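Reader: Please pick one part of this model and take me through it closely. After that, set it against the rest of the structure.

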Amino acid sequence: MGHKVAIIKVASHSNCQTTANKIRRSVELLGGIEKIVEKGDWVIIKPNLEAAREARTAATTSMVFIQTAVEMTKESGAFPIVAEGPFMNYSDEVVFQVTGVRQLCERLGVQFVNLNSTDTVDVEVPGGKAHKKLRLPSVVSEADKLINLPKLKTHHLTTITCAMKNLKGVLPGQDKQLSHVLGIHQAIVDINKIVRSDLVIVDGLLAMDGMGPTFGRVVDLGVVVAGTNAVAVDSICARIMGIDPLHIRHLKLAYRDFSFDPNAIEVVGASIEEVQRSFKIPRERAGYHIALRSAHLLDRYIYRNLSGGRTIFPRLSGLFGLHPRIDAGLCASCDLCEKSCPVDAIDLTKKTINTVKCIDCLICFELCPNRAVVIRGISAD
Ligand code: SF4
Ligand code: SF4
């Protein structure tokens, strides 16, 4: 048999110690951490903290996964570095505070690197089709090993986001957008050609379906999935979500580029059937979907022909971004959002949100009992 993938069931409401034990068990089923991380290695630990949303929203990796990966790395005599670079719609520092990663790393005494603002090196991508060359953070390019800690979610552009897609997050700042300009599916595969996951541990405790990757519905799945090959792990995770891996474009391209046989995966621990659920695939409102796709095509044309190699999507994203507004017709003036806004950006007398003050944390969106806080193109249902 080929690549081993471990599936472990764990109730999503388990305490940290129980969850940590299950995470460790998943790695033991692969042969143990010592088979993967060697004494003296510098090890990047890459969670999915793409947005300013806590793990309970299913948008980001739970802190217990990061803590357990740090502890296992240290026990192997290696040196962990937790690293992440959130997507450009959010303030990096707000993401690090809301998710709790800053506080966790301080408590564990482990180095944390913001991948959006660190030194980079240019790296050739052997066999790259979308990305022939990439700008990588030096800390990632120089590390000995990488432990990938993705969240299991649907994604409105790539159907699912798991281990392979999580590595797009290592690209610094606006380079993440470049992957969209060059063709997101092939770009994901190309990134995985030069940034290899030595160990993947998927946080599938609370997964997400529907309008992923940020505002979908929470699915109480209760699984940890681990493996040493990102393509194998994503293939099994797709099947757990009830999705044929061949219907996921970046996986299909990965099978071709890596000569990967999806039938040669050995599942250990629980079976796929024991944990499988039918995930709702994301659907954007038609108008928003067409506008977003058009913006990507326009950006691709401008990048290739007019801008001298610069992507303009950050400017366009003002049109497609996450800024909330209050639908006065739906608002019952219950006061919940105004009281909870961390920066006093909501004025309920006028039913307006001050876009200068607003930090797009979307607490108001989550809390509103009447669905009166709306975000362009996104539905919470
Ligand atoms: S939480 Fe919703 S219903 Fe309540 S005041 Fe805010 S917008 Fe209106
Ligand atoms: S208005 Fe809403 S999204 Fe903006 S800062 Fe306040 S709670 Fe967060």
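Author: Two strands are said to pair if DSSP finds at least two bridges between them. The model is a predicted one, and the part chosen here is strand β8, residues 151-155.

Strand β8 has two partners. Two bridges connect β8 to strand β10, residues 199-209, and these two strands run parallel. On the β10 side, Asp-203 is the bridge partner of Lys-151. The other partner is strand β9, residues 159-161, which is joined to β8 by three bridges and runs antiparallel to β8. Here His-155 of β8 has Thr-159 of β9 as its bridge partner. With three residues between them, β8 and β9 form a hairpin.

The next point is burial. A residue counts as buried if 20 or more other C-beta atoms lie within 10 Å of its own. By that criterion five of the five residues of β8 are buried, so the strand is largely enclosed by the rest of the structure. In a regular strand the side chains alternate between the two faces of the sheet. In β8, Lys-151, Lys-153 and His-155 lie on one side, and Leu-152 and Thr-154 on the other. Both of these faces are covered, as each of the residues named is buried. Lys-151 and His-155, the residues with the bridge partners given above, are thus on one side of β8.

Helix α10, residues 249-257, shows another pattern of burial. Its buried residues are His-250, Leu-251, Leu-253 and Ala-254. Viewed down the axis of α10, they fall within an arc of 160°, so they line one face of the helix. These buried residues pack against three helices: α6 (163-166), α8 (184-194) and α9 (230-240). Just after α10 comes Ser-259, with a positive phi of about 45°.

One of those three helices, α9, is mostly covered, with 10 of its 11 residues buried. Among the buried residues of α9 are Ala-230, Val-231, Asp-234, Ser-235, Cys-237 and Ile-240. Gly-242 follows α9 and has a positive phi, near 75°.

For a residue that is not buried, take Gln-97 in helix α3, residues 92-99. Gln-97 has 15 other C-beta atoms within 10 Å and is partly exposed. The C-alpha atom of Gln-97 is 31 Å from that of Ile-36, a residue 61 positions away along the chain.

There are also two ligand sites to describe. Ligand 1 has 14 residues around it, of which Cys-331, Cys-334, Cys-337, Cys-368 and Ala-372 come nearest. By class, this shell holds 11 nonpolar, two polar and one charged residues. Ligand 2 also has 14 residues around it, and the nearest are Cys-341, Ala-345, Cys-358, Cys-361 and Cys-364. The shell of ligand 2 contains 13 nonpolar residues, no polar ones and one charged residue.

Finally, the whole protein. It has 15 helices and 16 strands. Its radius of gyration is 20 Å, close to the 21 Å that the globule rule gives for 381 residues, so the protein is as compact as a globular protein of that length. Along its principal axes, the C-alpha trace spans about 60 × 50 × 40 Å. Of the 381 residues, 46% count as buried. Among contacts between residues at least 6 apart in sequence, 74% join residues at least 24 apart.

Methods
Residues numbered from 1 in each chain as written. Chains lettered and ligands numbered in written order. Predicted model: local features only at pLDDT ≥ 70, side-chain atom pairs only at ≥ 80, totals over all residues. Near = placed C-beta within 6 Å. Nonpolar A, V, L, I, M, F, W, Y, C, P; charged D, E, K, R; others polar. Helix = DSSP H or I, 4+ residues; strand = E, 2+ residues; numbered from the N terminus. Rg over C-alpha atoms; globule rule 2.2 N^0.38 Å. Buried ≥ 20, exposed ≤ 12 C-beta atoms within 10 Å, placed from the backbone. Contact = placed C-beta atoms within 7 Å. Arc of directions from axis to C-beta.
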